[in-house]
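Please load the model in your viewer and keep the selection panel at hand. The tour below moves from one selection to the next.

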Amino acid sequence: MIGIRNRLQLQKMRDAGALLREVLDKVRERIEPGVTTRRLDQLAESLIRKGGAIPSFLHYNGYPASLCTSVDDQVVHGIPNDVPLREGQILSIDGGLTLDGWQADSAFTVGIGQISAKARALIEATERSFYQGIAQAREGKRVSDIGHAVQSYVERFGFKPVRALCGHGIGRRIHEEPEVPNFGEPGRGVRLRAGMTLAVEPMIVTGDWPVHRLPDGWTEVTDDGGLCAHYEHTIAVTPDGADPEILTLPGATLAQMLAEVGA
Ligand code: MF3
Ligand code: CO
């Protein structure tokens, strides 16, 4: 069953989203060569708790941290550690929190210092593909219209969406129905309705899409060693086919964001 949020529930998810935005923006400010992902994780956990929320990832199926920190060919679910970040790497930060019982989930990728033109292009295409994807997240459309838009967009640049990992419904639990793939034919899957809340999260690679999990039991990496970027927000489908609301980017409209990222 796919949840439809009422006004009160949506407001709670908005509050969760706004807090997560503050936390992730503060984490982002600290990212530079020499910093460890452990420090970023500690900062995130303390800010989440200070905001009266609970880190959603910590202890989720035994996951040991509040953030996922995935470097270069790591796709998602990288575990924070004590290795200093180095100039030229790309780092994906994924965070989630629960406020008053409602979830928010969001991710972004940044370069550490100067990065290659290809890495920069990958990060930008991934962000743009997210906004192209959620431009389809309207009442009356189907869930696969989102992934189709993501895939079509990134393939223009020679990049590919990862296939084994998907976005998801989100609400009281972090992973709910439906799955939101980042590729595929349009017009398939569940019909989108106002009040559905989704975490849309393109994971886009420079090489080929197969991935595997490292022996740590969590970290997903590309089979071919190609780079991966990740971009995620929690969104709400709105009534009457209007633009979706981006719950983890309060105050921003889809039109503004499309203009800002140049998609
Ligand atoms: N945002 C992540 C996802 O949607 C959630 C990770 S939970 C963790 O897959 F336990 F793996 F951290
Ligand atoms: Co997610």
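Begin with H77 and ligand 1: a polar atom in the side chain of H77 lies 3.0 Å from an oxygen atom of the ligand. The model is a predicted one, and this contact is a convenient entry point to the ligand site.

Next, select D105 and E201. An N or O atom in the side chain of D105 is 3.0 Å from a nitrogen atom of ligand 1. For E201, the partner of the side-chain N or O atom is an oxygen atom of ligand 1, at 3.0 Å. On its own, ligand 1 has 340 Å² of accessible area, and the protein covers 95% of that area.

Now display the surroundings of ligand 1. The residues around the ligand include F57, Y60, Y63, C68, D94, H168, H175, W218 and E232, together with H77, D105 and E201. If pockets are drawn, look at the largest one: its space is the space taken by ligand 1.

From H77, move to S70, a residue of strand β2. The side chain of S70 reaches the backbone nitrogen of H77 at 3.4 Å. A polar atom of that S70 side chain also lies 3.1 Å from the backbone nitrogen of G78. Is S70 buried or exposed? S70 counts as buried because its relative accessibility is 2%, and the cut-off for buried is under 20%.

Extend the selection to the whole of β2, residues 67-71. Five of the five residues of β2 are buried. L67, T69 and V71 point one way from the strand, whereas C68 and S70 point the other way. In general, side chains in a regular strand alternate between the two faces of the sheet. C68 is also one of the residues around ligand 1.

Strand β4, residues 90-99, is the next selection. How many of its residues are buried? Ten of the ten residues of β4 are buried. On one side these are I90, S92, D94, G96 and T98, and on the other L91, I93, G95, L97 and L99. D94 is among the residues around ligand 1.

With β4 still selected, add its pairing partners in turn.

- β2 pairs with β4 in the antiparallel sense over five bridges. L67 has G95 as its bridge partner in β4, and V71 stands opposite L91.
- β1, residues 54-55, pairs with β4 in the antiparallel sense over two bridges. Here I54 stands opposite T98.
- β5, residues 102-111, runs antiparallel to β4 and is joined to it by ten bridges. I90 stands opposite G111 of β5.

Zoom in on the hairpin of β4 and β5, where two residues lie between the strands. D100 in this hairpin takes a positive phi near 50 degrees.

Finally, turn to another sheet. Five strands form an open, antiparallel sheet in the order β8-β7-β9-β14-β15. The edge strands are β8 (176-180) and β15 (245-246), each of which pairs on one side only. Within this sheet, select β7 (residues 167-169) and β9 (residues 197-200), which run antiparallel and are joined by two bridges. The bridge partner of G169 in β9 is L198. To return to the starting point, select H168, which is one of the residues around ligand 1.

Key:
Residues numbered from 1 in each chain as written. Chains lettered and ligands numbered in written order. Predicted model: local features only at pLDDT ≥ 70, side-chain atom pairs only at ≥ 80, totals over all residues. Heavy atoms only, no water. Buried < 20%, exposed > 50% of the residue type's maximum accessible area, 1.4 Å probe, protein only. Helix = DSSP H or I, 4+ residues; strand = E, 2+ residues; numbered from the N terminus. Pairing = 2+ DSSP bridges. Near = heavy atom within 4 Å. Polar contact = N/O pair within 3.5 Å; in protein donor to acceptor, adjacent residues only side chain to side chain. Areas by Shrake-Rupley, 256 points an atom, 1.4 Å probe, with all protein chains shown as cover. 1 Å grid on protein atoms, 1.4 Å probe; cavity = no way out; pocket = protein on both sides within 12 Å on 5 of 7 lines; lining within 4 Å. Sits in = over half its atoms within 2 Å of the grid points.
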